[in-house]
Amino acid sequence: MALKNVIGIDHAVVMVKDLDKSAENYKRLGFTVSPRGTHSAHMGSGNYTIMFDPDYMELLGVLRPTEHNEPARAFLEKNGEGIERIAFTAVDSARGAEEILARGYVPVGPTDFERPVTLPDGTESEARFRTFQWPTVEAPGGVRIFACQHKTRETVWIPELMKHANGAKRLKQVLMVAPEPAKEAAHLSKLIDREVRNESDGAIAVPSGGDRADFVFLTKGQLGKRYPGVSLAGLPERGGAGLVIVADVAAAEKALGTAGVKSAGGIVVPPAEGNGTMLAFVAA
């Protein structure tokens, strides 16, 4: 029985050391980046978003140490920058939390929070969310998972922020490296009640639900074979490795310039150029 109140991947969280520098880097890679958001004092973090349809990326940084962001700081200390967690879309966070509790996972939350938003016309509004997390120890492939209910979609999916010079349109896959991909995929499969799927090169996919991006678990060696000529320097042996993004490949090649590498029929940004995250731009 798939979860009824949690659907597929909502956004990927890339943890960064210097929030403003990371935003400048992603602008250099041809992304339209939102104005900076600042979370509550309790959270002690700030973010920039990179909006697609129906999903997005989030660049997340610690602005001041708090108890809430201790896991994120520990991640940076251990792994450096990169994909630290993945959010699913919650239809109803309260009911979603009840669903995972019934499956034996004690949720963290639901928690309500908001952040101010500067709209394209210069006016101020706010984005409001209700989230819950699977237990911190349940981190398949070393990546935490949570669910996010958007109360104010209109202040997050802003049309002006969804057009990118590199032609990026939506997430297709979240790439996860691990010494034992089958074990990690089975773990995620159990957490979200989705069946695994074997890929032709031995990698294992876990669909996230609906028309949303898949998780793909593979060894670092398998990842290298998928993307020949792309340096994997800086990636952990176990953790989030990269994002496959549906895009206009010609636009991506033009926007990326020397940062892009032709590989596997698309254009790829190595992890060292993407704040610890490989970005593979592919045709629809």
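# Notebook: cavity, sheets and pockets

**Entry 1. The cavity.** I searched the whole structure for cavities of 30 Å³ or more and found 1. The model is predicted, so I read every value as computed from it. About 60 Å³ of space lies in the largest cavity. I then listed its lining: Phe-75, Asn-79, Gly-80, Glu-81, Gly-82, Ile-83, Pro-236, Gly-239, Gly-240 and Gly-276. Helix 2 (70-79), strand 5 (82-90) and strand 13 (239-247) are the elements that give two or more residues to this lining. I sorted the lining by class and got 3 nonpolar, 6 polar and 1 charged residues.

**Entry 2. The sheet with strand 1.** I followed the strand order next. One open sheet has 8 strands in the order 2-3-4-1-5-8-7-6, and its pairing is mixed. Which strands stand at the edges? They are strand 2 (37-38) and strand 6 (108-118). Each has a single partner strand, so one side of each has no neighbour in the sheet. I also looked at helix 1 (residues 19-28), which packs on the sheet. Helix 1 touches strand 3 (45-51) and strand 4 (56-62), and its direction makes about 150° with that of strand 4.

I checked one pair inside this sheet. Strand 1 (residues 6-15) and strand 5 run antiparallel and are joined by 7 bridges. To fix the register, I looked up Val-6 and found that its bridge partner in strand 5 is Ala-90.

**Entry 3. Pro-116.** I picked a residue on the edge strand. Pro-116 is found in strand 6. Is Pro-116 buried, exposed or partly exposed? Its relative accessibility is 47%, and the partly exposed class runs from 20% to 50%, so Pro-116 counts as partly exposed. I then listed its contacts, leaving out residues up to four places away in sequence. Pro-116 touches Gly-37, Thr-38, Ser-125 and Glu-126. I took the C-alpha to C-alpha distance for one of these: Pro-116 and Glu-126 are 4.2 Å apart in space and 10 residues apart in sequence.

**Entry 4. The largest pocket.** I moved on to the pockets. The largest pocket has a volume of about 420 Å³. Its lining has 28 residues, and the closest to its centre are Met-43, His-68, Arg-85, Phe-113 and Phe-146. Which elements supply at least two residues each? I found strand 1, strand 3, strand 4, strand 6, strand 7 (124-133) and strand 8 (144-150). Strand 6 gives the largest share, 5 residues. By class, the lining of the largest pocket divides into 13 nonpolar, 11 polar and 4 charged residues.

**Entry 5. The second largest pocket.** The volume of the second largest pocket is about 270 Å³. I listed the residues that line it: Pro-71, Ala-74, Phe-75, Lys-78, Asn-79, Glu-84, Thr-136, Ala-139, Gly-142, Arg-144, Pro-236 and Arg-238. Helix 2 gives the largest share of this lining, 5 residues. The classes come to 5 nonpolar, 3 polar and 4 charged. I compared this list with the cavity lining: Phe-75, Asn-79 and Pro-236 appear in both.

**Entry 6. The sheet with strand 9.** I traced another open sheet of 8 strands, in the order 10-11-12-9-13-16-15-14, with mixed pairing. Strand 10 (197-198) and strand 14 (261-263) stand at its edges. Each has a single partner strand, so one side of each is left without a neighbour in the sheet.

I looked for helices lying across these strands. Helix 4 (residues 181-192) lies across strand 11 (204-207) and strand 12 (214-218), at about 10° to strand 11. Helix 6 (residues 249-256) lies across strand 13, strand 14, strand 15 and strand 16, at about 35° to strand 15.

**Entry 7. Pairs and turns.** I worked through three pairs.

- Strand 10 and strand 11 run antiparallel, joined by 2 bridges. Asn-198 has Ile-204 as its bridge partner in strand 11. The two strands form a hairpin with 5 residues between them, and Gly-202 in the turn has a positive phi of about 95°.
- Strand 11 and strand 12 are also antiparallel, with 4 bridges. Ala-205 has Val-216 as its bridge partner in strand 12. Their hairpin has 6 residues between the strands, and Gly-209 takes a positive phi near 120°.
- Strand 15 (residues 266-269) and strand 16 (residues 278-282) pair in the antiparallel sense over 3 bridges. Ile-267 has Phe-281 as its bridge partner in strand 16.

Technical notes: Residues numbered from 1 in each chain as written. Predicted model: local features only at pLDDT ≥ 70, side-chain atom pairs only at ≥ 80, totals over all residues. Heavy atoms only, no water. 1 Å grid on protein atoms, 1.4 Å probe; cavity = no way out; pocket = protein on both sides within 12 Å on 5 of 7 lines; lining within 4 Å. Points joined across faces, edges and corners; volume = space filled by probe spheres on them. Nonpolar A, V, L, I, M, F, W, Y, C, P; charged D, E, K, R; others polar. Pairing = 2+ DSSP bridges. Contact = heavy atoms within 4.5 Å. Axes fitted to C-alpha atoms, helices over the stretch in contact; angles between N-to-C directions. Buried < 20%, exposed > 50% of the residue type's maximum accessible area, 1.4 Å probe, protein only.
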